[in-house]
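This report walks through one molecular model, beginning with its ligand site and moving on to the backbone. What surrounds the ligand, and where does the chain depart from common geometry?

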Amino acid sequence: MTDNPKPETDAIHAGEQEADLSVSSGDIVSPIHVATHHEMEQPGESGHGYKYSRFGNPTRESLENRLAALTGADYATAFSSGTAAIATAALALCDSGDQVVAFDGIYGGTRLLFEDLLCTKLDVQVEYVDATDLGAVKEAVTSNTSLIWVETPTNPLLKLCDLDAIAEIATRNQVRLCVDNTFATPIFQQPLDQGADLVVHSTTKYLNGHSDSTGGAVATNESALADRVAELQEYAMGNLMSPFDSYLVLRGTKTLPLRMRQHEANAAVVAEFLDEHPSVRSVHYPGLESHPQHDLASAQMDGFGGVVSAELDATDAETRAVVEELDLFRTAVSLGGVESLVDHPWSMSASFIPPEERRDAGISESLIRLPVGIEHSDDLIADLEQGLDNLRSE
Ligand SMILES: Cc1ncc(COP(=O)(O)O)c(C=O)c1O
């Protein structure tokens with residue numbers, strides 16, 4: 001459960017630049033600062049703290065301050081994508097020869113990144129475990145482990161892992177815990193409060209929320225770790241968020257608490273509808289009492305999220321036909337925008353994973369994933385009804 005019971009105020013005000021009314025037009029929202037370099041008061045002394053955009057930009061800083069407030073962190077750094085945030089966090093936390101223990105349900109793109117950047121380039125060994133099983137996590141940690149990396153809930157099967165318990169394992173073994181909190185968002189889950197050392201987000205998803213900006217963030221309470229992340233960004237990778245994207249995410253986060261509640265309310269209606277539908281074999285949604293980790297979700301999260309996935313009683317071709325039949329749920333990868341989407345992970349979001357690994361991960365041809373938007377739930381159900389009825393009549 002979150003320590004900040006009132007994120008609505010921070011979502012709107014934290015980080016917003018205050019205008020000096022004697023010299024400015026008193027803008028109620030921070031302007032977009034596009035300058036790549038700033039005039040100095042004297043050589044080497046800028047006076048205002050800005051020199052060159054890679055080292056600091058006022059719009060990006062506004063966003064970083066807001067993200068720090070929302071994630072309960074002392075420091076946040078904004079990146080050009082979630083992937084850039086993950087790569088930089090991983091490099092900040094791992095050295096050559098280390099071992100990483102990772103939840104086997106993490107985003108497939110993170111697995112690819114680990115394989116390329118950590119395993120191949122740095123000779124880091126990544127051990128994937130079913131982190132729903134705490135015994136498996138404990139057993140996987142060795143004297144070489146430097147990092148435990150988890151996501152909860154996972155994509156697309158919405159499995160959870162117990163953050164308190166895993167943070168305890170990390171602390172006992174003096175290893176770092178990093179949580180990708182993209183699905184839950186800071187509104188529904190605060191991993192730093194639960195003992196994580198670092199949190200990453202793809203802001204491309206719910207934080208921006210309008211499907212028009214790619215970005216990421218890293219947040220932490222440790223100043224040395226924040227410095228290392230910033231150093232890697234500024235001097236080694238240059239993977240920072242642009243001023244315009246920073247503005248879009250600043251704007252998006254203002255409605256994040258409202259949007260998340262509506263995503264969740266609609267997801268609950270969709271999950272219940274699917275759960276009772278004769279053409280649906282099983283539904284994955286932590287808010288359903290039938291979800292194997294519903295109790296953990298109730299204790300650990302402040303909301304169950306906006307993504308539902310379901311196993312249809314259908315062949316591959318029939319499942320694809322249902323996806324094509326849906327109108328309001330538009331066929332696209334990604335999630336977290338205000339509009340509802342439908343994804344067929346087998347042929348879309350998980351298609352880059354080899355078929356055997358997809359199957360081992362529980363992703364079948366008859367699985368669909370629904371990032372539920374904030375439209376009227378009656379319209380969403382009507383769309384699902386017509387899509388699935390089509391399947392029954394075939
Ligand atoms: C959980 C999760 N983390 C990270 C990412 C990567 O984010 P981005 O696409 O912004 O690089 C994604 C993308 O789908 C994701 O689902």
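A backbone N or O atom of G82 lies 2.9 Å from an oxygen atom of the ligand, in a model that is predicted. Two side chains also make polar contacts with the ligand: an N or O atom in the side chain of T83 is 2.6 Å from a ligand oxygen atom, and an N or O atom in the side chain of D180 is 2.7 Å from a ligand nitrogen atom. Taken alone, the ligand exposes 390 Å², and the protein buries 89% of that area. The three contacts are set side by side in the table below.

| Protein group | Ligand atom | Distance |
|---|---|---|
| G82, backbone N or O | oxygen | 2.9 Å |
| T83, side-chain N or O | oxygen | 2.6 Å |
| D180, side-chain N or O | nitrogen | 2.7 Å |

The wider surroundings of the ligand comprise 13 residues, of which T83, D180, S202, T204 and K205 come nearest. By character, the residues of this shell divide into eight polar, three charged and two nonpolar. Helix 3, which spans residues 82-93, gives the most to the shell, with three residues. The space that the ligand takes up is the largest pocket.

A further polar contact lies within the protein itself. Q190 is placed in the loop between helix 7 (185-188) and strand 6 (198-202), and a polar atom of the Q190 side chain lies 2.7 Å from the backbone oxygen of L70. Is Q190 buried or exposed? With a relative accessible area of 5%, Q190 falls under the 20% limit and is therefore buried.

The backbone geometry deserves separate attention. Most peptide bonds are trans, and most residues other than glycine have a negative phi. Against that background, the loop between strand 4 (145-151) and helix 6 (163-172), in which P153 lies, is worth inspecting residue by residue. A cis peptide bond joins T152 and P153, with omega about 0°. The peptide bond from N155 to P156 is cis as well, with omega near 5°, and P156 also has its place between strand 4 and helix 6. L158, located in the loop between strand 4 and helix 6, has a positive phi of about 55° although it is not a glycine. Because its relative accessible area is 2%, L158 counts as buried.

Where else does a residue other than glycine show a positive phi? S211 does, with a phi near 55°, and S211 lies in the loop between strand 6 and strand 7 (216-220). S211 is partly exposed, since its relative accessible area is 48%, a value between the 20% and 50% limits.

Another serine, S24, has its place in the loop between helix 1 (7-13) and helix 2 (58-71). S24 is partly exposed, with a relative accessible area of 33%, and its side chain reaches the backbone nitrogen of G26 at 3.1 Å. S24 and S211 are 187 residues apart along the chain, and their C-alpha atoms are separated by 32 Å.

Key. Residues are numbered from 1 along each chain as its sequence is written. This is a predicted model: local features need pLDDT of at least 70, side-chain atom pairs count only at pLDDT 80 or more; totals for chains, interfaces and linings use all residues. Side-chain values use heavy atoms; hydrogens and water are left out. A residue is near a molecule or strand if one of its heavy atoms lies within 4 Å of it. A polar contact is a pair of N or O atoms within 3.5 Å; within protein, one must be able to donate a hydrogen and the other to accept it, and residues adjacent in sequence count only if both atoms are side-chain atoms. Accessible areas come from the Shrake-Rupley method with a 1.4 Å probe; for residues, only the protein chains shown count as cover. On a 1 Å grid over the protein atoms alone, a cavity is a set of points where a 1.4 Å probe fits but cannot get out, and a pocket is an open set with protein on both sides within 12 Å along at least five of seven lines; lining residues have an atom within 4 Å of a point. A molecule sits in a cavity or pocket if more than half of its atoms lie within 2 Å of its grid points. Helices (H or I, at least four residues) and strands (E, at least two) are DSSP runs, numbered from the N terminus. Ala, Val, Leu, Ile, Met, Phe, Trp, Tyr, Cys and Pro count as nonpolar, Asp, Glu, Lys and Arg as charged, and the others, Gly among them, as polar. Buried means under 20% relative accessible area, exposed over 50%, partly exposed in between (1.4 Å probe, protein chains only).
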